[in-house]
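Student: Before we discuss this model, may I see the sequence and the structure together?

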Amino acid sequence: MQVVVYRGGLAQFRIPDGWITELGEVGGGTFYRDEPDSATLRLNIMTFAPKAGAATVAPVSVLEGKARAKHTAAAMLPTGYAMVSYDDETDENGERVRTRFWELAQVLPSGHVRLAVFSLSASAARWRAPDVETDLVTIGTEVRSCQLATTLGEVP
């Protein structure tokens, strides 16, 4: 496994050896095996300022709306982050694509909320292929142990 230090330490997690990492000038990152039809992992992180005078929220409460909408539950992880996971299927240029999402919510000491959205996509036809199933398990495990910066900015 190789360690990804994302955006100077905003997040740190592992991906399988040999995967390619692409980071745009702004926005998220893309990670994939250099093989035709391989699954693709994406990561986007957003940080939200607290509303003036609002009480600090619990990480799990940040994800409750998404959990209800996706008929699942948000859960606390040993890292102190809340997580919700769900699958969606869409049509992209006439091809069905299935995506598993893992959303992590972190509440910073300042009251800011950080949301890290990992998604692993593959064609619906390949969703049960052995390599995709292995990627789902591997990435799911790694997301659960992802480390997010504990301060605002990009340095943990």
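Tutor: Helices (H or I, at least four residues) and strands (E, at least two) are DSSP runs numbered from the N terminus, and two strands pair if DSSP finds at least two bridges between them. The model is predicted: local features need pLDDT of at least 70, side-chain atom pairs count only at pLDDT 80 or more, and totals for chains, interfaces and linings use all residues. Residues are numbered from 1 along each chain as its sequence is written, and side-chain values use heavy atoms, without hydrogens and water.

Student: In what order do the strands of the open sheet lie?

Tutor: The sheet is open and contains 7 strands with antiparallel pairing. Its edges are strand S3 (20–23) and strand S6 (75–76), each of which pairs on one side only. Read from one edge to the other, the order is S3-S4-S5-S9-S8-S7-S6.

Student: Which residue in S4 stands opposite isoleucine 20?

Tutor: S3 and strand S4 (residues 29–32) run antiparallel and are joined by 4 bridges. Across this pairing, isoleucine 20 stands opposite tyrosine 32.

Student: How many bridges join S8 to S9?

Tutor: Consider first the other neighbour of S9: S5 and S9 pair in the antiparallel sense over 9 bridges, and methionine 46 stands opposite leucine 115 of S9. On the S8 side, phenylalanine 101 has serine 119 of S9 as its bridge partner. S8 and S9 also run antiparallel, and the number of bridges that join them is 11.

Student: Which residue takes a positive phi in the hairpin of S8 and S9?

Tutor: The hairpin has 5 residues between its strands. There, a positive phi near 95° is taken by glycine 111.

Student: How many residues of S9 are buried?

Tutor: Buried means under 20% relative accessible area, exposed over 50%, and partly exposed in between (1.4 Å probe, protein chains only). Helix H1 (residues 59–69) packs on the sheet and touches S6, strand S7 (82–92), strand S8 (95–107) and strand S9 (113–123), where contact means heavy atoms within 4.5 Å. S9 is mostly covered, and of its 11 residues the number buried is 11.

Student: Why do the buried residues of H1 lie on the same side, and how wide is their arc?

Tutor: The residues concerned are Pro59, Leu63 and Ala67. What covers the buried residues of H1 includes S6, S7, S8 and S9, whereas Arg68 and Ala69, on the other side of H1, are exposed. The arc is that of the directions from the helix axis to the C-beta atoms. The buried residues lie on the same side of H1 because their arc around the axis is only 60°.

Student: Is histidine 71 buried or exposed, and what is its relative accessible area?

Tutor: Histidine 71 is found in the loop between H1 and S6, just after H1. Although it is not a glycine, histidine 71 has a positive phi of about 55°. Histidine 71 is exposed, and its relative accessible area is 76%.

Student: Why does arginine 7 count as buried?

Tutor: Arginine 7 is found in the loop between strand S1 (2–6) and strand S2 (11–15). Its phi is near 50°, a positive value in a residue other than glycine. Most residues other than glycine have a negative phi. Arginine 7 counts as buried because its relative accessibility is 18%.

Technical notes: Axes fitted to C-alpha atoms, helices over the stretch in contact; angles between N-to-C directions.
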